Amino acid sequence: MQLFTLLLLCFWGVAQGATLEVGKGKTYGTIRQALEAAMAGDTVRIHPGVYAEGNLTLGKKVTLVGVDYPVLDGRNSDEIITVTAPGVGIFGLQIQNSGQLNTIDLAGIKVLSTNHVRIGNNRMRNCNFAIYLSNVQDSEVFGNDVQGTPKEEQNTGNGIHLWKCERIRIEKNYCTGHRDGIYFEFVTDSDVLGNLSEKNIRYGLHFMFSHNDRYRENTFRNNGAGVAVMYSRQVEMTNNHFEHNWGGAAYGLLLKDISDSRIRHNEFKQNTAGIYMEGASRIDVEQNRFEANGWALRVQASCDANNVRENVFIGNSFDVATNGHLVLNKFEGNYWDKYEGYDLNRDGVGDVPFRPVSLYAVIVERMPFCMVLMRSFMVYLLDKAEKIMPSLTPEMLHDEKPLMREPQLNQNHPT
Amino acid sequence: MKTSLVKYVLYDILQNRIVIAYTVFLLAVSMGLFALSDQPAQGLISLLNIVLIVVPLVSLIFSTIHLYNAADFIELLAAQPLKRSAILWSEFWGLSLAMITAIIIGVGIPVLVYAPNPTGFSLLGTALSLTLVFIALAFWASVATRDKARGIGVALLTWFYFALLYDALVLFILFGFADYPLEKATLALMSLNPIDLGRIIVLLQMDISALMGYTGALFNALFGTVWGIIYALSIMLLWVAAPLYFAQRIFRKKDL
């Protein structure tokens, strides 16, 4: 409550327009009446209650502010708010039960072809698409609590959906129960900061054809298939948490046709595959921590010129797996807990190279059901023999400078 | 089964130098492995190998030798008004309790100190179940063969088969039939070896992330839920019960 009073005060100062009160016994009984009466620059203050007024279109620069989360209900048939004007703000509302159509993507809040829109601290419940930005520039989506009702993948929309946007900031939102928690397509120069995306049906974060974007301090956990980054370049991913994405096609981070990007200071924990790379080029994977994953890295032979440097690999079932003999990537200066070499000159760097792909990893790659023999003494013997005389494992895939001790990584994680 | 008899056998075995040495060896190796590795998880991996190789071997060989050495005592007991099954059960529980004590001290204490987590406890559970399984197998081997040397030979071969040969054979079969749907077959193959079952119980904790990567429906149903452990444990129980049943059937009619 205090927060919203404060927020209100802020906007009072900024907007300098009139404030229109909506609610029982106030000037306006419905939001629609208030919106019709409002002038550009006005603030519409919505008092607690349930407002089921069908579709509300914000075609002028107004700010909607909810007091104690008034409920805007779409009765499972409407798109609740549609924004078409620049400079609109929507704060502190509970928006629920949007409709769902096969022909149009109905959303809780849809923003169409405009700019400078701010959507903050709303509660989105049981919406098809919750927040949907289409052809929008210079806008912000922050502090929203987005909870969907998971149905089948094809019948559920995304939590925060952006299509063809520029310079958007997605900050500190919580997304759960949607198809993709956060979805980007053709979105450039944008930031995704400090969000938590969990238990979505498909991906926690999904982005395609989105260049020059930055992802920082987000947590993606327990999503059907983790995080997917496809067909993009110049993407920066720092200080994110990728946790507990389990399943046959689940990845902490899936990179497909990505180039010139940096993945730094992230933590990958308990994923079936920490990072899965396919067609990835010129990516720096630096100072990340891979812990207790099935595969820390799966680097397909279609990847080239990637640098895997100064990462920490601890307690993974397999550190690196690949599907071919050709290795065009560089592994250097990582800490591998499976390294058994020695360090005679005591400079902290092992004197013999480490080969992170074991024979057994190669066997499992070809015949997945051999998985049941993991950690069998027989497999251990085979791996030892292969280490001495590599024949099946890619010879060129090695770390020339494996670290002897686990380095302290300078990670700054969200809690 | 007579409790006094169990007690007698138990005290007799607990004073045995080999059991004491076994306990000390396990304790030293476990403590050493944990102390030497940077991460407790790494220590557990090394310890898993010890448990899967050494525990079956010692349980099997020690029990076989003990049973042959106790042949006179068993003969004496058979002359008393005691049921044959009571004699067998007393020997089994006496031996089992002694070996379980060794495991609890030798593996249980280090696990409690260094890795008191689900993986550590599943490793301890595996060690205990393997002990019981291989004592039961030793009973069968020693009751079935009269000659001590041959009995020990059978026991050794059994260990070699389960600990080393079996996985190589499985790998061989999987390679040979790689083009066929082998999901159910692999599970069946794993159930036919108690050491593999024990290993899978630990894997379900240690490598669950990787196990979930295999898309087989049966695998996911089994490994993704608590049923995997229940399945493995119940098959393991069968592995204790079946050899004991056969041993008892032979022992009942055996001319001592």
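A residue is called buried here if 20 or more other C-beta atoms lie within 10 Å of its own, and the views below apply that cut-off to a predicted model of chains A and B.

**View 1. Strand β28 of chain A between two parallel partners.** Strand β28 (residues 273-278) of chain A has five buried residues out of six, so this strand is largely enclosed by the rest of the structure. Strand β26 (residues 251-264) of chain A is joined to β28(A) by five bridges, and the two run parallel; in this pairing L254(A) stands opposite Y276(A). Strand β31 (residues 295-299) of chain A is likewise parallel to β28(A), to which four bridges join it, and here Y276(A) stands opposite R298(A). Y276(A) can therefore be followed in both pairings, with L254(A) as its opposite residue in β26(A) and R298(A) as its opposite residue in β31(A).

**View 2. Strand β1 of chain A and its alternating side chains.** Along strand β1 (residues 19-22) of chain A, L20(A) and V22(A) point to one face and are buried, whereas T19(A) and E21(A) point to the other face and are not buried. The strand pairs in the parallel sense with strand β2 (residues 43-46) of chain A over four bridges, and within this pair L20(A) stands opposite V44(A). V44(A) is also listed among the residues with the most contacts inside the largest nonpolar core.

**View 3. The largest nonpolar core and the surroundings of I109(A).** The largest nonpolar core has 182 residues, and those with the most contacts inside it are V44(A), I109(A), I131(A), I160(A) and L255(A), together with F139(B). Helix α6 (residues 118-144) of chain B gives the most to this core, with 16 residues. When its neighbours within four places in sequence are left aside, I109(A) is in contact with I80(A), I81(A), V83(A), I90(A), I95(A), I119(A), I131(A) and Y132(A). One of these partners, I131(A), is itself named with I109(A) among the residues with the most contacts inside the core.

**View 4. Y231(A) in strand β23.** Y231(A) lies in strand β23 (residues 226-233) of chain A and counts as partly exposed, because it has 15 C-beta neighbours inside 10 Å, whereas 20 or more would make a residue buried and 12 or fewer would make it exposed. Neighbours within four places in sequence aside, Y231(A) is in contact with M208(A), F209(A) and D257(A). The C-alpha atoms of Y231(A) and E185(A) are separated by 10.0 Å, although the two residues are 46 apart along the chain.

**View 5. Helix α9 of chain B.** Helix α9 (residues 194-206) of chain B has 13 residues and reaches 18 Å from its first C-alpha to its last, close to the 18 Å expected at 1.5 Å a residue. The helix is mostly covered, with 12 of its 13 residues buried; these include I195(B), L197(B), I200(B), I201(B), V202(B), L203(B), L204(B) and M206(B), and also D196(B) and R199(B).

**View 6. K253(B) in helix α12.** K253(B) has its place in helix α12 (residues 227-253) of chain B. With 7 other C-beta atoms within 10 Å, K253(B) is exposed. The C-alpha atoms of K253(B) and R84(B) are 8.9 Å apart in space, while the two residues are 169 apart in sequence.

**View 7. The contact between chain A and chain B.** On the two sides of this contact, 30 residues of chain A meet 33 residues of chain B. Helix α4 (residues 377-388) of chain A gives the most to the side of chain A that touches chain B, with three residues. By class, that side has 17 nonpolar, 10 polar and three charged residues.

**View 8. The two chains as a setting for the close-ups.** Chain A has four helices and 36 strands, and its C-alpha atoms fill a box of roughly 85 × 40 × 30 Å along the principal axes. Buried residues make up 47% of the 415 residues in chain A. Chain B has 12 helices and zero strands, and its C-alpha trace spans about 60 × 45 × 30 Å along its principal axes. The radius of gyration of chain B is 19 Å, which agrees with the value near 18 Å for a compact globule of 256 residues. Among contacts in chain B between residues at least 6 apart in sequence, 80% join residues at least 24 apart, and the corresponding share in chain A is 47%.

Conventions: Residues numbered from 1 in each chain as written. Chains lettered and ligands numbered in written order. Predicted model: local features only at pLDDT ≥ 70, side-chain atom pairs only at ≥ 80, totals over all residues. Contact = placed C-beta atoms within 7 Å. Nonpolar A, V, L, I, M, F, W, Y, C, P; charged D, E, K, R; others polar. Expected span 1.5 Å × (residues − 1). Rg over C-alpha atoms; globule rule 2.2 N^0.38 Å. Pairing = 2+ DSSP bridges. Core = buried A, V, L, I, M, F, W, Y, C linked by C-beta atoms within 7 Å.
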